[in-house]
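This report describes the strand pairing in a predicted model. The sequence and structure are shown first.

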Amino acid sequence: MFSTADFLQYTQWSGIATLVFAALAILAFIFKWGIRFRLVGTTGFMLVLTGGLFALSLVPLSRTVIPGAEKYTLVYDNGSTQTVISINPKISPSALEATLRQAASNLYSYGRLGKQGDNYLIIRARTLVHPEPGVSVPLYLGQIKRNLASREDMNMSVEIYTDKFAQLPKPTA
């Protein structure tokens, strides 16, 4: 995965290429070359590309990695205060807590809007159980509640529903 420093270097090279294309476009208009309008379009494209690379050099693209966390899939996200992730039914309670903490960090965004009096993001973890063939039932195993006001929330509240783990299918030997 590229780092912000990589994108800054690419921005510099793209900026130099943009200046070269701009100089060529100016020369093309002075000498009335047939490709002068194509060079204007290329210069405009390079300006947009350079701006995009510069924006990527400002925003960190890294994801948080918490030891013990397992893979999850985002199932539902209202863009505001509610999300649901899907997890493996063979997850342990300690791995679930780590996974919830990782999801809380990765799903945080400055663009999320809280409701008045409810400035928290709630992430619920669920899995599917099949009590009988052809029937799937969602089983919620836990949730985490984090503050939307700051990126570093030290007071996240994690709830693990230990009684729900008894409803998970037992591994067969």
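## Strands 1 and 2

Valine 84 in strand 2 is the bridge partner of tyrosine 76. The two strands involved, strand 1 and strand 2 (residues 82-86), pair in the antiparallel sense, with four bridges between them.

## Strands 2 and 3

Valine 84 also has a bridge partner in strand 3, namely arginine 124. Strand 2 and strand 3 run parallel and are joined by five bridges.

## Strands 3 and 4

Between strand 3 and strand 4 there are 11 bridges, and the pairing is antiparallel. One of the pairs sets leucine 128 against proline 138, its bridge partner in strand 4.

Strand 3 and strand 4 make a hairpin, with two residues separating them. Glycine 134 lies in the turn and has a positive phi of about 85°.

## The sheet as a whole

The sheet is open and has five strands, in the order 1-2-3-4-5, with mixed pairing. Strand 1 (73-77) and strand 5 (157-160) each have a single partner strand and stand at the edges, so one side of each has no neighbour in the sheet. On average, neighbouring strands of this sheet are turned by 25° against each other, direction ignored.

## Helix 3 on the sheet

Helix 3 (residues 93-106) packs on the sheet. The strands it touches are strand 2, strand 3 (120-132), strand 4 (135-147) and strand 5. The direction of helix 3 makes about 60° with that of strand 4.

Methods:
Residues are numbered from 1 along each chain as its sequence is written. This is a predicted model: local features need pLDDT of at least 70, side-chain atom pairs count only at pLDDT 80 or more; totals for chains, interfaces and linings use all residues. Side-chain values use heavy atoms; hydrogens and water are left out. Two strands pair if DSSP finds at least two bridges between them. Axes are lines fitted to C-alpha atoms, for helices over the stretch in contact, and angles run from 0 to 180 degrees between N-to-C directions. Contact means heavy atoms within 4.5 Å.
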